[in-house]
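Subject: Structure handover

Hello,

Here is the structure for you to look at. Please open it first, then read my notes below.

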Amino acid sequence: FGLLSLAKVVGETGDLSNYANPAKVWRRMGCAPFTHDAKTAMGSTWRRGKEGKLAAEEWEAFGYSPRRRSVAYVIAESLLKQNDGAYRKRYDEGKAAFKAKHPEYKDLRCHLHGMLLMVKMLLRDLWVEWNGRPAKQLV
């Protein structure tokens with residue numbers, strides 16, 4: 001995670017001290033569900049355009065931006081390729097647990113779930129460092 005990635009996150013979120021907690025940053029970056037319904041807890045189940053899911057107008061009302069989500073996943077992809085530390089460990093554990101819980105899911109879906117957990121951990125850590133205060137264990 002370098003200066004360019006930091007600049008992209010700050011460019012998309014603004015001052016991170018304006019967010020009450022890391023979950024608000026996740027939502028801004030498109031990495032968090034937009035309802036409290038357990039059935040819509042992960043990205044693969046709350047994408048727009050699928051039957052019974054949120055309509056495009058509802059996404060816009062929430063302030064969702066595919067560009068911001070893309071920024072988050074590009075950062076996650078680079079972390080995945082170059083990191084064997086805590087973020088890679090979070091990815092590996094999350095992917096394995098998701099695959100064990102849902103053996104019928106394809107590998108790509110499990111990979112994307114692991115990346116989501118990894119980028120949420122990164123955004124949480126960034127929020128904590130930016131604000132100089134601890135966050136509740138959210139990931």
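A residue counts as buried when its relative accessible area is under 20%. His111 has a relative accessibility of 17%, so His111 is buried. Keep in mind that this is a predicted model.

**Overall**

The chain has six helices and zero strands. Read from the N terminus, the order of elements is α-α-α-α-α-α. The chain has 139 residues, and 38% of them count as buried. Take the contacts with a separation of 6 or more. Residues 24 or more positions apart make up 60% of these.

**H5 and H6**

His111 sits in helix H6. What does His111 touch, leaving aside its neighbours within four places in sequence? The partners are Glu77, Leu80, Tyr91 and Lys95. Tyr91 and Lys95 are among the H5 residues that meet H6. Glu77 and Leu80 fall within the span of H4, residues 66-82.

Helix H5 covers residues 86-101, and helix H6 covers residues 107-131. The two pack at an angle of about 140°, with axes 8 Å apart. H5 is therefore oblique to H6. The cut-off matters here: roughly antiparallel needs an angle over 145 degrees. The crossing of H5 over H6 is right-handed.

The contact is made by these residues:

- From H5: Ala86, Tyr87, Arg88, Arg90, Tyr91, Gly94, Lys95, Phe98 and Lys99.
- From H6: Asp107, Arg109, Cys110, His111, His113, Gly114, Met115, Leu117, Met118, Met121, Leu122 and Asp125.

By class, the contact of H5 with H6 has 10 nonpolar, four polar and seven charged residues.

**H1 and H4**

Now the other helix pair. H1 spans residues 3-13 and H4 spans residues 66-82. Their axes lie 10 Å apart, at an angle of about 160°. H1 and H4 are therefore roughly antiparallel. H1 crosses H4 in a left-handed sense.

On the H1 side, the contact residues are Ser5, Lys8, Val9 and Glu12. On the H4 side, they are Arg67, Arg68, Val71 and Ile75. The contact of H1 with H4 divides into three nonpolar, one polar and four charged residues.

Glu12 deserves a look. This residue belongs to helix H1. Is Glu12 buried or exposed? Its relative accessible area is 13%, so Glu12 is buried. The side chain of Glu12 makes a polar contact of 2.9 Å with the side chain of Arg67. Neighbours within four places in sequence aside, Glu12 is in contact with Arg28, Met29, Arg67, Arg68 and Val71. Of these partners, Arg67, Arg68 and Val71 are among the H4 residues that meet H1.

**After H6**

One residue from the segment after H6 is also on my list: Arg133. How accessible is Arg133, and which class does that give? Its relative accessibility is 39%, so Arg133 counts as partly exposed. Apart from neighbours within four places in sequence, Arg133 contacts Tyr19, Ala20, Trp127 and Val128. Trp127 and Val128 fall within the span of H6, residues 107-131.

**Where to look**

Three residues to pick out on screen:

- His111, buried at 17%.
- Glu12, buried at 13% and joined to Arg67 by the polar contact of 2.9 Å.
- Arg133, partly exposed at 39%.

Best regards

Methods. Residues are numbered from 1 along each chain as its sequence is written. This is a predicted model: local features need pLDDT of at least 70, side-chain atom pairs count only at pLDDT 80 or more; totals for chains, interfaces and linings use all residues. Side-chain values use heavy atoms; hydrogens and water are left out. Axes are lines fitted to C-alpha atoms, for helices over the stretch in contact, and angles run from 0 to 180 degrees between N-to-C directions. Helices (H or I, at least four residues) and strands (E, at least two) are DSSP runs, numbered from the N terminus. Angles under 35 degrees count as roughly parallel, over 145 as roughly antiparallel, 65 to 115 as roughly perpendicular and the rest as oblique. A crossing is left-handed if the near helix is turned anticlockwise from the far one by less than a right angle, and right-handed if clockwise. Contact means heavy atoms within 4.5 Å. Ala, Val, Leu, Ile, Met, Phe, Trp, Tyr, Cys and Pro count as nonpolar, Asp, Glu, Lys and Arg as charged, and the others, Gly among them, as polar. Buried means under 20% relative accessible area, exposed over 50%, partly exposed in between (1.4 Å probe, protein chains only). A polar contact is a pair of N or O atoms within 3.5 Å; within protein, one must be able to donate a hydrogen and the other to accept it, and residues adjacent in sequence count only if both atoms are side-chain atoms.
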